[in-house]
Amino acid sequence: MRIVPGLHAEVLIMVEREDTAIRVGSGDVPVLGTPRLLSFAEGAMVKAVQPYLEQGQTTVGTKVALDHRAPSPVGMHVEVSAELVEVDGRRLIFSVRAVDKNGTLVATGRVERVIVDRERFLARL
């Protein structure tokens, strides 16, 4: 199967102390930090397309627009989902959504990732 719009994946997380804004340095409140939320979303994106990449390929993030709309305290379960909505050559555009176990919309966003050859990408370091 090819990489086509409609591919999607979800990750279900429970907010841990290590995920809070205090711990990741993005704020001073004990709720899910935006950088961790983005990390979980990127994990869902990778999960959605990884099985369809060719040998030696990976994806890297290039652009993020994330609206973190509601706080999630330690212990809250949050489902973070990503759907591939656009493919333009190597460029992949995902729609991201996070909802907590109470049905509260935690976040929405749009993230761009690009397919790269892993070895060539790492050789640029």
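In this predicted model, Glu42 and Arg113 join their side chains in a salt bridge, with 3.0 Å between N and O. This pair ties together distant parts of the chain, since Glu42 belongs to helix α2 (residues 34-49) and Arg113 to strand β5, 71 residues apart. The two partners are worth viewing one at a time. Glu42 has a relative accessible area of 24% and is therefore partly exposed. Arg113, at 6% relative accessibility, falls under the 20% limit and so counts as buried.

A second pair also involves strand β5. Here the side chains of Glu86 and Arg110 meet in a salt bridge of 3.3 Å, N to O. Distant parts of the chain are again linked, with Glu86 in strand β3 (residues 77-88), Arg110 in strand β5, and the two positions 24 residues apart. Glu86 is partly exposed, with a relative accessible area of 29%, and Arg110 is partly exposed as well, at 44%. Beyond these pairs, Asp88, Arg91 and Glu112 are joined into one network by salt bridges that share partners.

A further salt bridge is formed by Arg23 and Glu18, whose closest N and O atoms lie 3.7 Å apart. Arg23 has 52% relative accessibility, over the 50% limit, and so counts as exposed. Glu18, at 48%, counts as partly exposed. Across the whole structure, the search finds seven salt bridges. As general background, side chains of opposite charge can pair when their charged atoms come close.

The strands that carry several of these residues can now be placed in their sheet. Five strands make up an open sheet in the order β1-β3-β4-β5-β2, and their pairing is antiparallel. The edges are taken by β1 and β2 (57-68), each of which has a single partner strand, so one side of each has no neighbour in the sheet. On average, neighbouring strands of this sheet are turned by 25° against each other, direction ignored. For the edge strand β2, the pairing with β5 (residues 105-117) is antiparallel and runs over 11 bridges. Within this part of the sheet, Thr58 stands opposite Val116 in β5.

Another threonine, Thr20, offers a view of a loop. Thr20 lies in the loop between β1 (8-14) and α1 (21-24). With a relative accessibility of 5%, Thr20 is under the 20% limit and therefore counts as buried. Leaving aside residues up to four places away in sequence, Thr20 touches Val29, Pro30, Val31, Leu32, Gly33 and Val74. Pro71 is 51 residues away from Thr20 in sequence, while the C-alpha atoms of these two residues are 10 Å apart in space.

A database record adds a wider frame for these details. In an unreviewed entry, UniProt lists residues 15-119 as "domain: Fluoroacetyl-CoA-specific thioesterase-like". Over this stretch the chain is 21% helix and 45% strand. The C-alpha atoms at the ends of residues 15-119 are 34 Å apart.

Note on methods: Residues are numbered from 1 along each chain as its sequence is written. This is a predicted model: local features need pLDDT of at least 70, side-chain atom pairs count only at pLDDT 80 or more; totals for chains, interfaces and linings use all residues. Side-chain values use heavy atoms; hydrogens and water are left out. Helices (H or I, at least four residues) and strands (E, at least two) are DSSP runs, numbered from the N terminus. Buried means under 20% relative accessible area, exposed over 50%, partly exposed in between (1.4 Å probe, protein chains only). Contact means heavy atoms within 4.5 Å. UniProt positions are given in the numbering used here, feature names are shortened, and annotations may be inferred rather than shown by experiment. Two strands pair if DSSP finds at least two bridges between them. Axes are lines fitted to C-alpha atoms, for helices over the stretch in contact, and angles run from 0 to 180 degrees between N-to-C directions. A salt bridge is a side-chain nitrogen of Lys or Arg within 4 Å of a carboxyl oxygen of Asp or Glu.
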